[in-house]
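Got the viewer open? Load the model, switch on the sequence panel, and we'll take the tour one selection at a time.

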Amino acid sequence: MAERGVDVVVVGAGIVGLGIAWTAAQSGRTVAFVDPKPATGATYAAAGMLAPVSELHYQEEDLLELTLASAALYPAFVESLGVRPAEAGYRSTRTITVGADAADRRSLADLREVQRGHGLAVEPLTIREARAMEPLLSPQLSSAFNIERDHQVDPRRLAARLQSAIDGASSRNRWTHDHAIRQSAVGLRHERPADAASRVTGVILADGSTVAAGEVVVANGLAAGQLGGLPDWLALPLRPVYGDIIRLRVPGHLRPLLTATIRGLVRGVPVYLVPRDDGTVVLGATQREHGSAAVSAGGVHQLLRDAQVLVPAVAELELIEVTARARPGTPDNAPLLGRVADGPGQPASDIPGLIIATGFFRHGVLLTPIAAQHCLHLLDGTADGRWARFRPDRFSRPMASEPPFSRTPQSSPHTPKESARD
Ligand SMILES: Cc1cc2nc3c(=O)[nH]c(=O)nc-3n(C[C@H](O)[C@H](O)[C@H](O)COP(=O)(O)OP(=O)(O)OC[C@H]3O[C@@H](n4cnc5c(N)ncnc54)[C@H](O)[C@@H]3O)c2cc1C
């Protein structure tokens with residue numbers, strides 16, 4: 001069995017795994033990531049809204065501190081890649097939220113009260129003011145709000161830049177190991193093979209070879225719980241929440257279709273349009289808890305119909321792609337992020353060499369910088385105690401029998417319809 005040795009191996013090279021690998025590499029550690037098809041999971045579909053304010057959902061307020069912290073890290077995270085922000089797909093343009101009818105206006109006004117209650121700036125606009133900013137918005141809208149601090153990034157471009165940056169670290173630091181391993185990981189290697197609570201010493205790959213590592217970060221999204229060698233008692237309650245999303249090209253005579261991200265409510269159902277620098281627009285996204293992983297014709301129809309209520313010129317765009325992927329959801333819609341206790345009872349210490357980073361649900365792109373920073377701090381032994389509430393073992397341990405956010409927002413009678421989509 002061939003064996004390679006690194007300081008940190010990351011299982012899964014979606015946006016989260018790549019962000020963690022890059023941040024660890026910047027700290028001077030030797031790093032490898034393992035993924036048969038990097039950046040083809042949820043990352044491939046994501047719209048890339050960096051929207052802690054407009055994404056604030058009722059009953060998810062506990063996540064707000066994490067999403068705001070991550071949004072604040074984004075400019076430096078992008079700058080660390082050594083390219084212009086636009087080359088990494090980052091745009092610090094604003095978000096405008098709009099309502100179609102009177103009920104949508106009331107929903108957005110109610111949400112604004114919650115947002116303001118958290119000290120978040122959401123500025124009402126007249127429709128005339130909104131159309132002065134974005135002339136192709138429909139004149140028939142019922143309401144509009146300006147959110148200056150919600151931005152966007154193109155996740156595909158960012159993932160590509162992260163991979164290039166890790167390649168660059170490999171050349172600069174003359175790494176002799178393969179840092180981009182195109183295989184599936186099948187299990188964790190432990191110091192004592194029969195003891196899943198013993199130190200994790202590496203990863204076992206599909207071809208039977210191993211990657212020896214001082215630390216293993218499990219960041220393979222929905223598949224995290226399937227990795228061999230995780231403790232039996234550890235529950236990683238991940239569920240696929242499918243989303244359909246559309247990419248459209250704007251013909252020359254309509255460019256720019258939009259400059260801001262537009263998030264709308266149309267008869268209570270959310271829809272968004274995210275303009276990219278390359279003259280395309282991302283239109284999303286449905287949210288399906290059950291059913292098939294394939295694109296839903298009904299979902300696509302609904303997205304196109306609702307988007308035209310907000311921006312009628314959508315009907316003139318060229319359809320270039322329809323994609324469906326699964327968001328890695330958790331019972332409380334918060335990530336599973338941190339170290340894992342070495343047993344279900346108390347007192348327990350953490351399993352050395354193991355970090356889990358999954359369950360990022362609707363926010364994985366937004367949360368990548370904070371996930372990467374938190375993992376680095378865990379590696380350094382300087383973790384921020386505020387994020388202990390997102391520990392991956394919170395659904396497994398007696399102390400966590402009442403998880404921090406034990407409610408399921410989708411099932412709450414008080415949850416407005418906008419939680420039905422991103
Ligand atoms: C339609 C849609 C729109 C979205 N919009 C937004 C948005 O606007 N803003 C936002 O912040 N988030 C958004 N999200 C959510 C975001 O996409 C996810 O939270 C994020 O991509 C999660 O990243 P990840 O790296 O954890 O997982 P993924 O991107 O799914 O990556 C997991 C990786 O693990 C690999 N893998 C799986 N099993 C193994 C194995 N055994 N060994 C090795 N590798 C393995 C896969 O190949 C994959 O590359 C959206 C999601 C969807 C579906």
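Start by selecting the buried residues of helix 7, which are G299, V300, L303, D306, A307 and L310. They span an arc of only 140° around the axis, which places them on the same side of helix 7. (Buried means under 20% relative accessible area, exposed over 50%, and partly exposed in between, with a 1.4 Å probe and protein chains only; the arc is taken from the directions from the helix axis to the C-beta atoms.) As a reminder, an α-helix has 3.6 residues a turn, so residues three or four places apart point the same way.

Before going further, a word on what is on screen: this is a predicted model, where local features need pLDDT of at least 70 and side-chain atom pairs count only at pLDDT 80 or more, while totals for chains, interfaces and linings use all residues. Residues are numbered from 1 along each chain as its sequence is written, and side-chain values use heavy atoms, with hydrogens and water left out.

Now select all of helix 7, residues 297–310: its 14 residues reach 21 Å from first C-alpha to last, close to the 20 Å expected at 1.5 Å a residue. (That expected span is 1.5 Å times one less than the number of residues; helices, H or I of at least four residues, and strands, E of at least two, are DSSP runs numbered from the N terminus.) What do the buried residues of helix 7 pack against? Color strand 5 (95–99), strand 13 (239–249), strand 14 (261–266), strand 15 (269–275), strand 16 (280–284) and strand 17 (318–329), and you have the partners. (Contact here is heavy atoms within 4.5 Å.)

Stay with strand 13 and pick R239, whose side chain meets that of E289 in a salt bridge, 2.8 Å from N to O. (A salt bridge is a side-chain nitrogen of Lys or Arg within 4 Å of a carboxyl oxygen of Asp or Glu.) R239 sits in strand 13 and E289 in the loop between strand 16 and helix 7, so the pair ties together parts that are 50 residues apart in sequence. E289 itself is partly exposed, at 30% relative accessible area.

That loop between strand 16 and helix 7 also holds A285. Check its backbone: a cis peptide bond joins G284 and A285, with omega about -25°. For another cis bond, go to R255 and P256, where omega is near -10°; P256 is in the loop between strand 13 and strand 14.

Move on to R267, in the loop between strand 14 and strand 15. Its phi is positive, about 50°, although it is not a glycine.

Back to salt bridges: the structure holds 25 of them. Select R389 and E65, whose side chains meet at 2.9 Å, N to O. R389 lies in the segment after helix 8 (364–380) and E65 in helix 3 (residues 61–79), so this bridge ties together parts that are 324 residues apart in sequence. Next, try D393 and R391, with their closest N and O atoms 2.8 Å apart in a salt bridge. Buried or exposed? D393 is buried, at 2% relative accessibility, and R391 is buried too, at 19%. Then select E55, E60, R263 and R362 together, since they are linked in a network of salt bridges.

Last stop: R174, in the loop between helix 6 (155–172) and strand 9 (180–181). R174 is exposed, at 71% relative accessible area.

Notes
Expected span 1.5 Å × (residues − 1).
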